[in-house]
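The report below accompanies the sequence and the model shown here, and turns from one residue pair to the protein as a whole.

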Amino acid sequence: MFLSVDGGTTWSTPGHLPAGENIRVLALDGSGTIYLGADSALERLDPHEIYPLSLDILRSTDTGTTWKIVSSFPRPIVNAMVLACNGAGDVIVGYHASGFALSHNKGESWTRVPGYWCSGAAASSSRVLFTASAKGNVRRSDDHGATWSTCPGLPGEGLGSYGQIFTSSNADTVFVAELSEPGTIYRSTNGGWGWTPVWTGYGTNVCRSARGVYYFATADELRRSTDGGTHWALAGKAGVDITSLAVSDSGVVLVGTKRGTVIRWNGE
C-alpha cells in the first residue's frame, strides 16, 4: 500500500500492516478514516480452489500510520470483494457468494447478511445504502440495512449481473455497471427507482469530482461527462487496461493500470 498527500506527485509507504494480510479492496470515508478488506492465510480445499481462512477488515484513523483489525469473518467464499463506507460510520463489505456484512459504528460491530451474492456496494453520505448482485438485481435500504427494496427497471436475474455502484451524496443519482460482456452502465436520477443505459460496452469505476464532473474507465480509456452522465467524451488513453480510478475534489484523476502503475490526469 502506498500513500500520497499531494495529489499523487509523491508517494510513501504508510505504517506496517499486520503480518499475512493480502489487500483486496480499499475505501475512504471522506473524514480521514481508511478501511481495507484483506485475505489472511489461504487454504487449498482441492487442486483447483484456494480459499482464505478469514476475511479481515482493517481500519486506520491516522492516515495509515497504525492499523486495527476491526473484524474477521471466518472461511468466506471470496471470488470478489467489495467495500463501501461513508463519513457517518456506515461500512459495507461484500464477499460474493458468502453475502455481505454491515457496520454502523466504523466497524466495531457487524451484522452479517448471508444468501445474497454481493458484487457491489455503496453508502451515500445521506446514509442510503445500495448493494448489487451477480444474480441480477440492485437493492436499496433507507433504514441503515434493516430492510431492503429491489430497485426496478434493470434486466433481472439471468439477464444481467451487476457490480460496482456509484451514488451521489444524497443518493438521487446512482450508476451501476453490468458485469457481463459487452456490459452496460445504467444511471438512475431518482434514487434507483428507474434506470437508463448511458454507456454500452465494458465500463466500471464511476466517480465524481466536487465540481460535478463524472469519470469512468473502459479498457484503456478514461471517459468524462460534464452533463451528469448523459454524454461521455474521451478524456485520455492509458495505453494499458485501467483497473481503478479516483478523483480528488480539485479534479485530479488518479488512474491505476494493469501494469501496476498509477497515472495522474490533471483535468476537469
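## Salt bridges and overall form

E108 counts as partly exposed at 43% relative accessibility, where buried means under 20% relative accessible area, exposed over 50%, and partly exposed in between (1.4 Å probe, protein chains only). This is a predicted model, in which local features need pLDDT of at least 70 and side-chain atom pairs count only at pLDDT 80 or more, whereas totals for chains, interfaces and linings use all residues. Residues are numbered from 1 along each chain as its sequence is written, and side-chain values use heavy atoms, with hydrogens and water left out.

The structure holds seven salt bridges, a salt bridge being a side-chain nitrogen of Lys or Arg within 4 Å of a carboxyl oxygen of Asp or Glu. Three of them, including the one formed by E108, are listed here.

| Pair | N to O distance | Burial |
|---|---|---|
| R59 and E108 | 2.8 Å | R59 buried, E108 partly exposed |
| R127 and D90 | 2.7 Å | R127 partly exposed, D90 buried |
| E221 and R223 | 3.0 Å | E221 and R223 both buried |

In the bridge between R59 and E108, R59 belongs to strand β5 (residues 54-60) while E108 sits in the loop between β9 (100-103) and β10 (111-113), so the pair ties together parts 49 residues apart in sequence; strands are DSSP runs of E of at least two residues, helices runs of H or I of at least four, numbered from the N terminus. R59 has a relative accessible area of 13%.

The salt bridge of R127 with D90 likewise links distant parts of the chain, 37 residues apart, with R127 in the loop between β11 (118-123) and β12 (129-133) and D90 in the loop between β7 (82-85) and β8 (91-94). The relative accessible area is 24% for R127 and 1% for D90.

E221 and R223 meet through their side chains, and salt bridges that share partners join D220, E221, R223 and K237 into one network.

Towards the start of the chain, G8 lies in the segment before β1 (22-28) and is buried at 15% relative accessibility. Leaving aside neighbours within four places in sequence, G8 is in contact (heavy atoms within 4.5 Å) with L254 and R264.

The protein as a whole has zero helices and 25 strands, and buried residues make up 50% of its 268 residues. Its C-alpha trace spans about 45 × 45 × 40 Å along the principal axes.
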